[in-house]
Amino acid sequence: MLSYGYSEELLAHDMYQYFYSLYGVQTFSNIATSESEHQIAVKALLDKYGLPTPTTYGELTDEFAALKTEGSKGLKEALEVGMKIEMLDIEDIAKSLQATDNDDIKVMFANIGGASYNHLRGFVQGLRNNNLTTTLDYSQYLTKEEALTKGGVLKPKMAEKVLALGVTLPKEAMPEAIAANCKNEESKGNKH
């Protein structure tokens, strides 16, 4: 679970860096930086449990190549690839949260998964900011208002999603704890 999660964060980081090099759209660079932070968080748990850190995309290698080709067709396609990656990340993290009873993993994945909602919003807004539209359906993740509103804390949405699925979360991974942590980060000038 942790190895797959690390590979998924590595894929997202590398994909967004590549698209930033092609199109120069800051959204890709900002979210790539966040993906680096996620890699660090997953690596901390890999290290804690004595597991090796993946150096490749593993079973995601073919998917990386296909998404890279798709996003290389144009800015619209690249932003849509970003949306697809974040929606897939949300679903994979929800499955991981359902499959574990480890509180360390639950806290880490609830936070990373919550950030995926913000990233998804960033890509939707990137399309809008560049006068592009999409037919990708993101409505099960974001309302139109959430997708088009700048600011506002979306990070607790992952915790809310898995609580609705019957997952028991430790106190630190509960929506109110995540929201409070986001407010603390904002007051210190940190972005998420």
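The exchange below goes through some aromatic, burial and helix-packing assignments in this predicted model.

Reader: Why is the pair of F19 and Y23 called tilted?

Author: A search of the whole structure finds 7 aromatic pairs. In one of them, F19 and Y23 have ring centres 6.4 Å apart, which is within the 6.5 Å limit for a pair, and because the angle of 45 degrees between their planes is neither under 30 nor over 60, the pair counts as tilted. As for their place in the sequence, F19 and Y23 are 4 residues apart in helix α1 (residues 2–23), so about one helical turn separates them.

Reader: What makes F19 buried, and what makes Y23 partly exposed?

Author: The relative accessible area of F19 is 0%, which is under the 20% cut-off, so F19 is buried. Y23, at 24% relative accessibility, falls between 20% and 50% and therefore counts as partly exposed.

Reader: How do you know that the rings of F28 and F123 form a tilted pair?

Author: Their centres are 5.7 Å apart, within the 6.5 Å limit, and their planes stand at 45 degrees, between 30 and 60, so the pair is tilted. F28 belongs to helix α2 (residues 26–48) and F123 to helix α5 (residues 103–129), so this pair ties together parts that lie 95 residues apart in sequence. Both F28 and F123 are buried, and they belong to one aromatic cluster with Y16, Y18, F19 and Y23.

Reader: What is the distance between the charged end of K68 and the centre of the ring of Y18?

Author: The charged end of K68 is 4.5 Å from the centre of the Y18 ring, which is within the 6 Å limit, and it sits over that ring.

Reader: Why is α1 called roughly antiparallel to α4?

Author: The axes of α1 and helix α4 (residues 75–99) come within 11 Å and cross at roughly 165 degrees. Because that angle is over 145 degrees, α1 is described as roughly antiparallel to α4. The crossing of the two helices is left-handed, and the residues in contact include Y4, M15, Y16, F19 and Y23 of α1, with L75, V81, I85 and D92 among those of α4. Two of these α1 residues, F19 and Y23, also form the tilted pair described above.

Reader: Which residues of helix α7 are buried, and where does a positive phi occur?

Author: In helix α7 (residues 157–164), the buried residues are K157, M158, A159 and V162, while just after α7, G166 takes a positive phi of about 90 degrees.

Conventions
Residues are numbered from 1 along each chain as its sequence is written. This is a predicted model: local features need pLDDT of at least 70, side-chain atom pairs count only at pLDDT 80 or more; totals for chains, interfaces and linings use all residues. Side-chain values use heavy atoms; hydrogens and water are left out. Rings of Phe, Tyr and Trp (its six-membered ring) pair if their centres lie within 6.5 Å; planes under 30 degrees apart count as stacked, over 60 as edge-to-face and the rest as tilted. Buried means under 20% relative accessible area, exposed over 50%, partly exposed in between (1.4 Å probe, protein chains only). A charge sits over a ring if NZ of Lys or CZ of Arg is within 6 Å of the ring centre and within 35 degrees of the ring normal. Axes are lines fitted to C-alpha atoms, for helices over the stretch in contact, and angles run from 0 to 180 degrees between N-to-C directions. Angles under 35 degrees count as roughly parallel, over 145 as roughly antiparallel, 65 to 115 as roughly perpendicular and the rest as oblique. A crossing is left-handed if the near helix is turned anticlockwise from the far one by less than a right angle, and right-handed if clockwise. Contact means heavy atoms within 4.5 Å.
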